[in-house]
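Open the model in your viewer and keep the sequence panel beside it. The stops below say what to select and what is there.

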Amino acid sequence: MSSKPYDSTFPVSCGECPHLGRVFGIESLKQHYLEVHPSIGQLTCGSCAQIFFNKTSLIRHIKQQHEAKRNWTEDSSTADRSSIGQALASQPPSPQSPPSPPSGGEDDTESSENPYPCGNLRDAADKVLINLRSVGTITAKAIERFQDGCNVLLREQLNSTKNKVFKLLSEKNVPTTDIMEVLNSITNEDPFTDLNSIQSQLEYYANKYGLVKPQEMFLGTRLDQRLDPETNTFLPTQVNETFQYISVIGTLKALLSNESKRTNMFKDYVSKDGVYRSFFDGKCFKDHPLSKHDNVLQILFFYDELEVAAALGSKCIIHKLGVFFFQVLNGPPHLTSKLSSIHLLALVYADGMKKPGAFEKVLAPFVVEMKQLSSEEGLVISLKDDHFTLRAVLAAVTADTLAAHELLGFLGPGAKYFCRLCMIDRQSFRQDGNAEAAMRTREDHNRQVQNVLCVPANSKLYGVKGDCPLNKVPYFHCVDGSVFDIFHDLLEGIVPSVLEFTLRNYIYMKELLTVKDFNSKVISFSYGVPDSKNKPSPNFMIEMLTSKKKLKQTGSQMWCLIRVFLFFLDEYVQEDDRYMELVFNLQDVIKLVFSFQFTDVDLENLDIMIHQFLQNFKTLHVDSCSVAEVEDNTNTDEEENVDDPDVLEEINVQGVACRQRQKIPLTVHMFNKLHHLKHYSQIMRQRGPLVRMWCAKFEASLKKFRQYAAICCNFRNPPKSMAQMFQLSHLSALLEDEDSIQVEFNSQECFEVRQTNYAALFLEKGISETTTISLTNSAFLNGED
């Protein structure tokens with residue numbers, strides 16, 4: 001089939017002298033312009049007066065718009081002048097391409113106009129980039145190279161497609177000039193335009209998805225050494241100290257913009273049967289003045305310091321960070337326990353937080369926003385053309401003991417009055433582990449703060465060093481607004497101590513087994529799949545049991561060890577063994593404290609169990625050591641000041657050797673975490689299960705910043721870089737559909753049913769023997785292994 005040549009006599013007119021009324025052919029019009037209008041390059045269509053600037057464009061316009069209409073009634077043999085789109089449509093579909101839709105009806109015209117609809121390439125690119133950023137361990141340079149590689153791949157794919165189209169249309173005898181005209185109009189677009197840097201990504205995602213960009217705020221000034229380019233020497237220079245703040249209101253807006261998250265947040269989670277299952281079953285929520293309003297968000301606040309550099313490196317102190325997180329407690333437990341539910345609030349150098357007034361400056365914007373959210377009027381926001389009144393309250397503060405005392409304005413844990421809930425003193429507690437004291441009240445605390453501000457020396461009389469900036473948040477106060485962290489109190493404090501003393505009794509004092517035997521039992525025990533990642537390490541040494549060295553196990557490993565501890569020593573335990581009885585007592589306390597639901601009767605039993613545990617601990621480990629200290633003739637004078645490190649090392653070695661010969665118990669005192677147990681039942685009545693507020697999930701989120709430090713090359717302002725990286729990696733969590741089921745697999749192997757040993761079971765279920773199945777060693781359901 002040949003293409004009919006273009007009719008050069010088709011009438012066209014001159015756009016510069018239409019008053020002459022002359023018409024030309026294409027060639028004669030060109031000659032006319034050269035002779036009459038040599039400085040003008042316009043060509044005008046004689047049928048519709050459309051202007052063109054070159055001959056080729058005018059010819060294509062005439063063929064497509066006018067010539068087809070003029071020859072519509074000609075013989076069907078002239079169909080070889082059909083358009084390029086008709087030539088493509090006449091080609092039979094390839095085996096890989098989807099079948100063409102059936103013709104007929106009005107829909108046929110619409111489908112022929114766009115037979116292969118596609119999505120927006122930019123939308124696909126930004127979703128790919130969001131998934132890459134969610135990993136958190138990919139460097140910015142690697143992402144840039146990935147973007148460059150995608151552009152190369154797209155160009156090659158486009159060239160390959162053009163090549164196939166060119167061959168196809170050439171076989172249809174479409175003129176080469178027309179083919180090239182069409183193919184040249186198809187250009188390759190960069191889908192990552194304006195997404196090539198962190199700053200551009202933050203700007204793009206903020207405009208499209210409501211991502212909250214970190215704000216850099218002034219904290220103070222400090223002296224630093226900076227290079228003077230003129231003298232080429234380092235000179236002392238005053239530089240600004242800043243911190244990164246992420247708006248809590250902006251984050252809440254982004255959360256509520258997700259319909260599935262908004263639906264889950266505003267369900268009713270109050271138990272109707274008197275069982276404590278969440279914060280909404282506690283007295284604090286039920287008695288709160290704003291509980292009369294619907295859809296009030298409950299904010300859990302967290303603070304801790306984090307060392308992002310290598311522990312033994314030269315930067316281990318310089319780049320220590322102070323991290324502020326918050327979490328919305330509204331929602332089902334399986335969603336609030338996910339790390340994606342934890343949001344960054346502020347990031348600052350930890351060294352800057354040691355200066356007076358640092359906490360007030362960092363938390364000032366948070367206090368301002370919480371005053372808006374905690375008001376009776378609330379804050380009106382727009383969600384998809386609908387107005388919504390947003391209210392939120394600061395439900396509780398959680399942190400380890402040291403960070404909590406710094407944040408809330410109390411003296412350190414070594415102070416005489418060490419408890420932030422009551423006024424017990426250290427001497428009374430050491431004499432009686434179950435001793436009680438007057439509870440701190442808001443009025444007494446405010447009066448004590450005023451006395452300390454007037455006379456700083458009075459801080460030792462109250463255990464208070466200043467006011468807490470969070471006290472300015474409506475309805476919150478530091479004396480009743482914080483919770484003790486069961487992760488640090490039990491798994492990193494009480495449990496290691498009890499197990500260490502028990503092992504010392506069996507291995508060192510009674511010599512019933514050796515450390516090597518115990519390590520062998522740790523290795524050979526079958527822990528099961530749930531504890532496969534939390535099983536204890538077989539690194540127990542005799543030095544850990546004969547001195548004050550701590551057991552080198554993590555909190556999760558201690559949780560596993562306390563539950564299986566009896567299985568390691570069952571053959572050595574005798575009847576009425578006081579050491580193992582104390583372990584059993586501690587297991588009962590942990591079982592109830594870590595429970596996800598309980599009743600008032602359970603809390604009454606918890607008080608009894610804690611009272612018995614503290615009494616047994618003091619009798620077994622504290623009182624027995626006090627008697628042994630009288631018989632100890634070794635030189636352990638704590639007031640002796642020895643500065644020579646060699647002498648210190650010799651004294652330590654001699655002291656351990658003497659203890660090993662005489663097998664004298666170690667000196668043990670009642671420590672702060674034991675007293676915290678006395679307040680557990682009260683806090684659980686006020687705020688529900690403590691396991692919903694423990695620091696373990698926040699500690700896991702802190703690991704992200706260590707990952708960022710490993711790939712971040714900017715050590716001039718790490719808080720800024722890491723806050724931006726966290727927000728980008730956290731975006732996928734804001735956009736995910738919480739109601740959907742997400743399944744991820746590790747390495748997979750594919751088989752047909754007939755190739756497996758369980759073919760009969762599949763056939764019974766109606767699955768064909770030729771069906772392909774995948775075999776994997778592990779799977780993740782909604783992020784859980």
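In which helix is Glu203 found? Select residues 198-209: this is helix H8, and Glu203 is found there. The model is a predicted one, so all that follows describes a prediction. Glu203 is partly exposed, since its relative accessible area is 38% and the partly exposed class runs between 20% and 50%. Now add Lys213 to the selection. Glu203 and Lys213 stand 10 residues apart in sequence, and their C-alpha atoms are 7.8 Å apart in space.

**The whole chain**

Zoom out and colour by secondary structure. The chain has 29 helices and 16 strands. Of its 785 residues, 44% are buried. Among contacts in the chain with a separation of 6 or more, 67% are between residues 24 or more positions apart.

**The loop before H8**

Go back to H8 and select Asp194, which lies in the loop between helix H7 (176-185) and H8. Is Asp194 buried or exposed? Asp194 counts as exposed because its relative accessibility is 53%, and the exposed class begins over 50%. The phi angle of Asp194 is near 65°, a positive value in a residue other than glycine.

**Asn151 in helix H6**

Select residues 140-171, which form helix H6, and pick out Asn151 within them. Asn151 has a relative accessibility of 10% and therefore counts as buried. Which residues does Asn151 contact, leaving aside neighbours within four places in sequence? They are Asn188, Asp190, Pro191 and Phe192.

**Between two strands**

Next, show strand E5 (215-228) and strand E6 (233-245), and select Asn232 in the loop between them. With a relative accessible area of 60%, Asn232 is exposed. Its phi is near 60°, and here too the value is positive in a residue other than glycine.

**Helix H9**

Move on to residues 248-257, helix H9. How many of the 10 residues of H9 are buried? The count is 8, so the helix is largely enclosed by the rest of the structure. To see them, select Val248, Ile249, Gly250, Thr251, Leu252, Ala254, Leu255 and Leu256, the buried residues of H9. Then add Ser247, which caps the N-terminal end of H9. Draw the distance from a side-chain oxygen of Ser247 to the backbone nitrogen of Ile249: in the model it is 3.4 Å.

**Gln727 in helix H28**

Select residues 718-735 for helix H28, where Gln727 is found. Gln727 counts as buried because its relative accessibility is 6%. What does the side chain of Gln727 reach at 2.8 Å? It is the backbone oxygen of Val212. Show the surroundings as sticks. Apart from neighbours within four places in sequence, Gln727 is in contact with Leu211, Val212, Pro214, Ile246 and Leu344.

**Thr336 in helix H12**

Now select residues 333-336, helix H12, and centre on Thr336. The relative accessible area of Thr336 is 13%, so this residue is buried. Residues up to four places away in sequence aside, Thr336 touches Gln327, Val328, Leu329, Asn330, Gly331, Ser341 and Lys697. For a partner from another part of the sequence, select Met265. Thr336 and Met265 are 71 residues apart in sequence, while their C-alpha atoms are 9.9 Å apart in space.

**A cavity beside Thr336**

Stay here and turn on a cavity display, if your viewer has one. The structure holds 6 cavities of 30 Å³ or more. Thr336 helps to line the second largest cavity, which has about 120 Å³ of space. To outline this cavity, select Arg277, Ser278, Phe279, Leu329, Gly331, Pro333, Thr336, Arg687, Pro689, Arg692, Met693 and Lys697. What classes of residue make up the lining of the second largest cavity? By class there are 5 nonpolar, 3 polar and 4 charged residues.

**The cysteines**

For the last stop, select the cysteines. How many disulfides does a search of the whole structure find? The result is 0. Take Cys478 as a case: the nearest cysteine sulfur belongs to Cys468, 5.2 Å away, and Cys478 is in no disulfide. Cys478 is buried because its relative accessible area is 0%. Finish at Cys560, which at 0% relative accessibility also counts as buried.

Methods: Residues are numbered from 1 along each chain as its sequence is written. This is a predicted model: local features need pLDDT of at least 70, side-chain atom pairs count only at pLDDT 80 or more; totals for chains, interfaces and linings use all residues. Side-chain values use heavy atoms; hydrogens and water are left out. A disulfide is a pair of cysteine sulfur atoms within 2.5 Å. Buried means under 20% relative accessible area, exposed over 50%, partly exposed in between (1.4 Å probe, protein chains only). On a 1 Å grid over the protein atoms alone, a cavity is a set of points where a 1.4 Å probe fits but cannot get out, and a pocket is an open set with protein on both sides within 12 Å along at least five of seven lines; lining residues have an atom within 4 Å of a point. Grid points are joined across faces, edges and corners, and a volume is the space filled by probe spheres set on the points. Ala, Val, Leu, Ile, Met, Phe, Trp, Tyr, Cys and Pro count as nonpolar, Asp, Glu, Lys and Arg as charged, and the others, Gly among them, as polar. Helices (H or I, at least four residues) and strands (E, at least two) are DSSP runs, numbered from the N terminus. A polar contact is a pair of N or O atoms within 3.5 Å; within protein, one must be able to donate a hydrogen and the other to accept it, and residues adjacent in sequence count only if both atoms are side-chain atoms. Contact means heavy atoms within 4.5 Å.
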